[in-house]
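Work through the exercises below with the model open beside you. Try each task before reading its solution.

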Amino acid sequence: MAKEKTHYVCSDCGGTSPKWQGKCPSCQAWNTLIESAPESASPAKNRFASLAKTAEVAVLGDIDAVDMSRTPTGHEELDRVLGGGMVEGGVVLIGGDPGIGKSTLLLQALDSLQRSGQNTLYVTGEESGAQVALRARRLGLDGSQVRVLAEIGLDKILATLDSMQPDIAVIDSIQTVYSDQLTSAPGSVAQVRECAAHLTRAAKASGVCIVLVGHVTKEGALAGPRVLEHMVDTVLYFEGDTHSSFRLVRAIKNRFGAVNEIGVFAMTEKGLKGVSNPSAIFLSQHSEPVPGSCVMVTLEGTRPMLVEIQALVDSGGPSPRRLSVGLDKDRLAMLLAVLHRHASVACMDQDVFVNAVGGVRISEPAADLAVLLAITSSLRGKPLPKGFFAFGEVGLAGEVRPAPRGQERLKEAAKLGFSVAVVPKANLPKNLKSKDFEGLTIHAVERVEQAMEVVRNL
Ligand code: TYD
Ligand code: MG
């Protein structure tokens, strides 16, 4: 009898290889090949029969651009990231660390959708019905009419979707669902891809809106193959520090709305509550200014938020460490080089740690100036003045480039009582006398060394 052959599947791109290799032959990623059972070819033939007969070719201008109706979830912050609400036939993937609140948020959303007359289904593969009921009670959702199905078999889930015809279904989580067409274990690349593809097709065919909960890997990326992100319409990402009560939901991809919009929630005794005015939640409260701390204004989606950047520079060993939490590590290395070259501040023999307070992740380059000022403040052991903030992108030539929508950022900081700012010259408002900037002293700079000079004289 022939030996059952296994093959190796890349957990990043889904590429396969007949033998184990350190590097994926398809996407060149290291250490991503995982052994998995091969898919038997025979019964799988018609898994993806087309939905309709061959479609007619149509002229684009003649196709009705029907506006998609959106169903608000009843949670304003969630609607904000979804671009207004759930879309019929849309598939949403929501990822995040374990225990961050994915199940909680979705249960709350389903309950308010059910109360507003939608037909909802919660499929749980991770918890029993009793556990879900317990959570619902804790959330104060007594007498909730949300239908719950504790099931992991793909066929049964699809059959239930077919017979019940819900408007919105949550699959918690896609990693627990398995299809018996494949021999590999639930959560493996092949299973996740197969199940997600089937569920997506079911959503498009019947118009049910499906929300998939996805796990994340240790590195923080959504587990399963990258193709999962391509298959779905919207990818949301839960972030935040599990030790603090604030949680951010960020849209990474959205076919029905703007990306980079964020929703802000606070975890309370009774579940997640939306925070409608999040601008000051990421500031730590120092009674007196401390060295190594600089506040910046970041613009996430449509709302400006103030975030404190902290840096600690300490004498290191022969190979000093550069560590950043919430900020890009490569960007930090680049900023240190700019600081050395253009402002003659050397950190070569120093450990440099940088952190964005509250577990936020800042990806926009407008944080550069604040990072540099926090680093020099820590290096010199000299705090920045009270009520100080800065933003602006720093280029390799040492120039300070403008941040998008600078006026809004300045206004928000002025509203919160900040008084001294170092900003890029191009962001200097023309109507400085306006009431919006009252009590604000703005120093406009064009170069890094100029910014250092301004701060030294404050
Ligand atoms: P959960 O939704 O189970 O996380 P996930 O599905 O993303 O893994 O979140 C559970 C965490 O939230 C748990 O640590 C307890 C906390 N929690 C509250 O603080 N208040 C609540 O009302 C609930 C239901 C959970
Ligand atoms: Mg969960």
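**Exercise 1. A strand and its partners**

Which residue in β12 is the bridge partner of L236?

Solution. The model is a predicted one. Start from L236 and cross to β12: the bridge partner there is A251. Next, take the two strands as a whole. β11 and β12 (residues 246–254) are antiparallel, paired over six bridges. Then follow the chain from one to the other. The two strands make a hairpin with six residues between them. In the turn, G240 has a positive phi of about 135°.

Now look for another partner of β11. Strand β6 (residues 91–95) pairs with β11 in the parallel sense, over four bridges. Here L93 has V235 of β11 as its bridge partner. As a rule, strands of a sheet pair through backbone hydrogen bonds, in a parallel or an antiparallel sense.

**Exercise 2. Buried or exposed?**

Find which residues point each way from β11, and decide whether they are buried or exposed.

Solution. Sort the side chains first. T234, L236 and F238 point one way. V235, Y237 and E239 point the other way. Then check burial: all of them are buried. Strand β11 (residues 234–239) thus has six of its six residues buried, so the strand is largely enclosed by the rest of the structure.

**Exercise 3. An open sheet**

Give the strand order of the open sheet of three strands, and say which strands stand at the edges.

Solution. The order is β2-β1-β3, and the pairing is antiparallel. β2 (16–17) and β3 each have a single partner strand, so one side of each has no neighbour in the sheet. Now zoom in on the pairing of β1 (residues 7–10) with β3, which runs over four bridges. One residue to follow is S36, which lies in β3 (residues 33–36). S36 is the bridge partner of H7. Its C-alpha atom is 5.8 Å from that of Y8, although S36 and Y8 are 28 residues apart along the chain. Beyond residues up to four places away in sequence, S36 touches T6, H7 and V9. Is S36 buried or exposed? Its relative accessibility is 12%; buried means under 20%, so S36 counts as buried.

**Exercise 4. Nonpolar cores**

Identify the residues of the largest nonpolar core that touch the most other members, and the helix that gives the most to this core.

Solution. The core holds 49 residues. I309, V354, L373, I375, F388 and V422 touch the most other members. Helix α8 (residues 368–380) gives the most, with seven residues. Take L373 as a test case. Leaving aside neighbours within four places in sequence, L373 is in contact with C294, L384, F388, A390, M452 and V455. A second, separate core has 30 residues, including M86, L105, L106 and V146. In soluble globular proteins, nonpolar side chains tend to be buried together.

**Exercise 5. Backbone exceptions**

Locate the cis peptide bond, then place Q165 and R405, which have a positive phi.

Solution. Begin with the usual case. Most residues other than glycine have a negative phi, and most peptide bonds are trans. The bond from D172 to S173 is cis, with omega near 0°. S173 sits in the loop between β9 (168–172) and α5 (189–206).

Next, the phi angles. Q165 is not a glycine, yet its phi is positive, about 50°. Q165 lies in the loop between α4 (154–164) and β9. With 41% relative accessibility, Q165 counts as partly exposed. R405 is not a glycine either, and its phi is also positive, about 50°. R405 lies in the loop between β21 (400–401) and α9 (406–415). Its relative accessible area is 40%, so R405 is partly exposed.

**Exercise 6. A loop residue**

Place H75, and state whether this residue is buried or exposed.

Solution. H75 is in the loop between β4 (70–71) and α1 (76–82). Its relative accessible area is 16%, so H75 is buried. Leaving out residues up to four places away in sequence, H75 touches Q108, A109 and S112.

**Exercise 7. The whole chain**

How many helices and strands does the protein have?

Solution. Count 10 helices and 23 strands. Then turn to burial: 49% of the 458 residues are buried. The C-alpha trace spans about 75 × 55 × 55 Å along its principal axes. The accessible surface is about 22,100 Å², and 53% of this area belongs to carbon and sulfur atoms.

Methods. Residues are numbered from 1 along each chain as its sequence is written. Chains are lettered from A and ligands numbered from 1 in the order in which they are written. This is a predicted model: local features need pLDDT of at least 70, side-chain atom pairs count only at pLDDT 80 or more; totals for chains, interfaces and linings use all residues. Side-chain values use heavy atoms; hydrogens and water are left out. Buried means under 20% relative accessible area, exposed over 50%, partly exposed in between (1.4 Å probe, protein chains only). Contact means heavy atoms within 4.5 Å. A nonpolar core is a set of buried Ala, Val, Leu, Ile, Met, Phe, Trp, Tyr and Cys residues joined through side-chain atoms within 4.5 Å. Two strands pair if DSSP finds at least two bridges between them. Accessible areas come from the Shrake-Rupley method with a 1.4 Å probe; for residues, only the protein chains shown count as cover.
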